[in-house]
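Colleague: Please take one part of this model and look at it closely for me, then follow the contacts outward from there. I am new to this, so a connected account would help more than a list.

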Amino acid sequence: MSKPLEVRLDPVDNQRLARLCGALDANLRQIESALDVSIARRGARFSVRGAPQQAARAAKALEHFYRRASDDLTLDDLQLGLAELMQGIARPADAKELPPLLTRRPDLHGRTPHQVHYIESILAHDITIGIGPAGTGKTYLAVACAVDALERDKVKRIVLVRPAVEAGERLGFLPGDLAQKVDPYLRPLYDALYDLMGFDKTGKLLERGTIELAPLAYMRGRTLNHAFIILDEAQNTTPEQMKMFLTRIGFGAKAVVTGDITQIDLARGQKSGLIEARRILSEVRGIAFTEFTAADVVRHPLVARIIDAYDRQVEEPPPK
C-alpha cells in the first residue's frame, strides 16, 4: 500500500474547516468519490490515500476549497470546482478574456478549454456545431449565448428546436394537443431557460413569442431572420432534416447545432444528419466545430468516469 499523502491547512480556522468538510464530512466524501481516494482527518491535518496522481489532485482540492471556505460551500460549488480541478484547467496568461454573458448566472463561464472555445465560436460565427457526450454543457452554454444575444438586442427572438424522434404514430397516443405532445421532448430546453432567465421572465417571453420552442418538423418552409436558433439532440436528425434546418438561417441570424453521436435513436441503418454534417461541412468557411470529450463533463464528477468506462467497453469488448 502506498504511503499516504499528508496535507496540513494553514492558518488553522475552525469555521473554514467546518465548511470545507461539510455536515458529517459530506464534502470530503464528495472529493473521495470524485477522485477515487480516501481521506482521513485529524484537526487541520488530512491524510490522503490513493494513486499518487489522484492523491495529489485531492490535496490540491482540499487546499482550493479551504481557501474558498470563507463562505458556505454549496454542492454545486464543490462539484463544479472538482470538475475544473480534475481537468487541470488553466488558461494561458495572454488568453483573450470573454465578456460575461448577460444571464442571471453571473458566474457562468467556460470551465474547460473546449467550453471556452465553444463560447468563442458561437460569438464569432453564424453557425456553430458542438458535438460531445452528455454533461459537457453543449445545450446549456448555447442557450446562455442565446439569452445574452437577446439581452444585448443582437437578435429579436430565440428559437429552440428539437427533433421528435418518435414523431410518427407513437405521439398520437400521448394525451393533449400537438404542443402538449411534443412538450416532453423540449423539457430540457425549458429547464435551461428557467435557470438562466428565471421562471417569470421566461414565461412572459414565451407568451409573447420572443422565445419559441418547436419540433424540427415545424421548421420546414420557414426563413428565420434576426433570430438565435438552437437545434438540440441533432444526432437524431436525418441528413435531409439537417440540410433543411441549416438552410432556414436568415439575415442577422445565428445558429447552434448540438448533439451526441454516441446516443443516436434513429432506426437501424438510418444515417445521422449530425455525422453527415460534420463530414460535409468541416471545411466550409464560417461554420465552427467544437468536439467535446469526457474531460469536458461538468455534471456530477462521476459522470466523466461513467462515460470513460463505457468508452473503454466499446473499444475493448469483453471476451466471449
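Modeller: A good place to begin is Thr 223, which touches Arg 248 and Gly 250 when residues up to four places away in sequence are not counted. The model we are reading is a predicted one, and in it Thr 223 lies in the loop between E6 and E7. Is this residue buried or exposed? With a relative accessible area of 53%, Thr 223 is exposed, because a value over 50% counts as exposed. Its C-alpha atom is separated by 6.2 Å from that of Ile 249, although these two residues are 26 residues apart along the chain.

From this loop we can step into the strand E7, whose Ile 230 belongs to the residues with the most contacts inside the largest nonpolar core, alongside Val 143, Leu 160, Leu 193, Leu 213 and Phe 228. That core has 31 residues. The elements that give two or more residues to it are H5, helix H6 (138-151), strand E5 (157-162), helix H8 (178-197), strand E6 (211-215) and strand E7 (227-231), which puts both strands beside our starting loop on the list. The largest share, nine residues, comes from H6. Looking at Ile 230 by itself, and leaving aside its neighbours within four places in sequence, we find it in contact with Ala 142, Val 143, Ala 146, Val 159, Leu 160, Val 161 and Val 256. There is also a second, separate core, with 26 residues, and it includes Cys 21, Val 37, Ala 69 and Leu 78.

Two of the elements that supply the largest core, H5 and H6, also pack against each other. Two packed helices are described by the angle between their axes and the distance between the axes. For H5 and H6, the axes come within 10 Å and cross at roughly 35 degrees, and H5 passes H6 in a right-handed crossing. The residues that meet are Gln 115, Tyr 118, Ile 119 and Ile 122 in H5 and Lys 138, Leu 141, Ala 142 and Cys 145 in H6. Ala 142, you may notice, is also one of the residues in contact with Ile 230.

Tyr 118 leads us on to the aromatic rings, of which the structure holds three pairs. In one of them, Tyr 118 and Phe 292 stand edge-to-face, 5.1 Å from centre to centre and with 80 degrees between the planes. Since Tyr 118 lies in helix H5 (residues 113-124) and Phe 292 in the loop between strand E9 (287-291) and helix H12 (301-315), the pair ties together parts that are 174 residues apart in sequence. Both Tyr 118 and Phe 292 are buried. Another pair, Tyr 194 and Phe 199, is tilted, at 4.8 Å centre to centre and 35 degrees between the planes. Tyr 190 joins these two residues in one aromatic cluster. Phe 199 is exposed, with a relative accessible area of 57%.

Phe 292 also takes part in the surroundings of Pro 133, a residue found in the loop between strand E4 (127-131) and H6. At 13% relative accessibility, Pro 133 counts as buried, because the limit for buried is under 20%. Apart from neighbours within four places in sequence, Pro 133 is in contact with Lys 138, Asp 260, Phe 292, Thr 293, Ala 294 and Ile 307. Pro 133 and Val 297 are 164 residues apart in sequence, yet their C-alpha atoms are 7.7 Å apart in space.

For another example of helix packing, turn to helix H2 (residues 26-35) and helix H3 (residues 52-68), which pack at an angle of about 150 degrees with their axes 10 Å apart. That angle makes H2 roughly antiparallel to H3. Leu 28, Ile 31 and Leu 35 of H2 make the contact with Gln 54, Arg 57, Ala 58, Ala 61, Leu 62 and Phe 65 of H3. Helix H1 (residues 14-21) packs on H3 as well, at an angle of about 120 degrees and with the axes 9 Å apart, an arrangement that makes H1 oblique to H3.

Stepping back, the chain has 12 helices and nine strands, and buried residues make up 46% of its 320 residues. Of the contacts in the chain with a separation of 6 or more, 73% are between residues 24 or more positions apart.

Technical notes
Residues are numbered from 1 along each chain as its sequence is written. This is a predicted model: local features need pLDDT of at least 70, side-chain atom pairs count only at pLDDT 80 or more; totals for chains, interfaces and linings use all residues. Side-chain values use heavy atoms; hydrogens and water are left out. Rings of Phe, Tyr and Trp (its six-membered ring) pair if their centres lie within 6.5 Å; planes under 30 degrees apart count as stacked, over 60 as edge-to-face and the rest as tilted. Helices (H or I, at least four residues) and strands (E, at least two) are DSSP runs, numbered from the N terminus. Buried means under 20% relative accessible area, exposed over 50%, partly exposed in between (1.4 Å probe, protein chains only). A nonpolar core is a set of buried Ala, Val, Leu, Ile, Met, Phe, Trp, Tyr and Cys residues joined through side-chain atoms within 4.5 Å. Contact means heavy atoms within 4.5 Å. Axes are lines fitted to C-alpha atoms, for helices over the stretch in contact, and angles run from 0 to 180 degrees between N-to-C directions. Angles under 35 degrees count as roughly parallel, over 145 as roughly antiparallel, 65 to 115 as roughly perpendicular and the rest as oblique. A crossing is left-handed if the near helix is turned anticlockwise from the far one by less than a right angle, and right-handed if clockwise.
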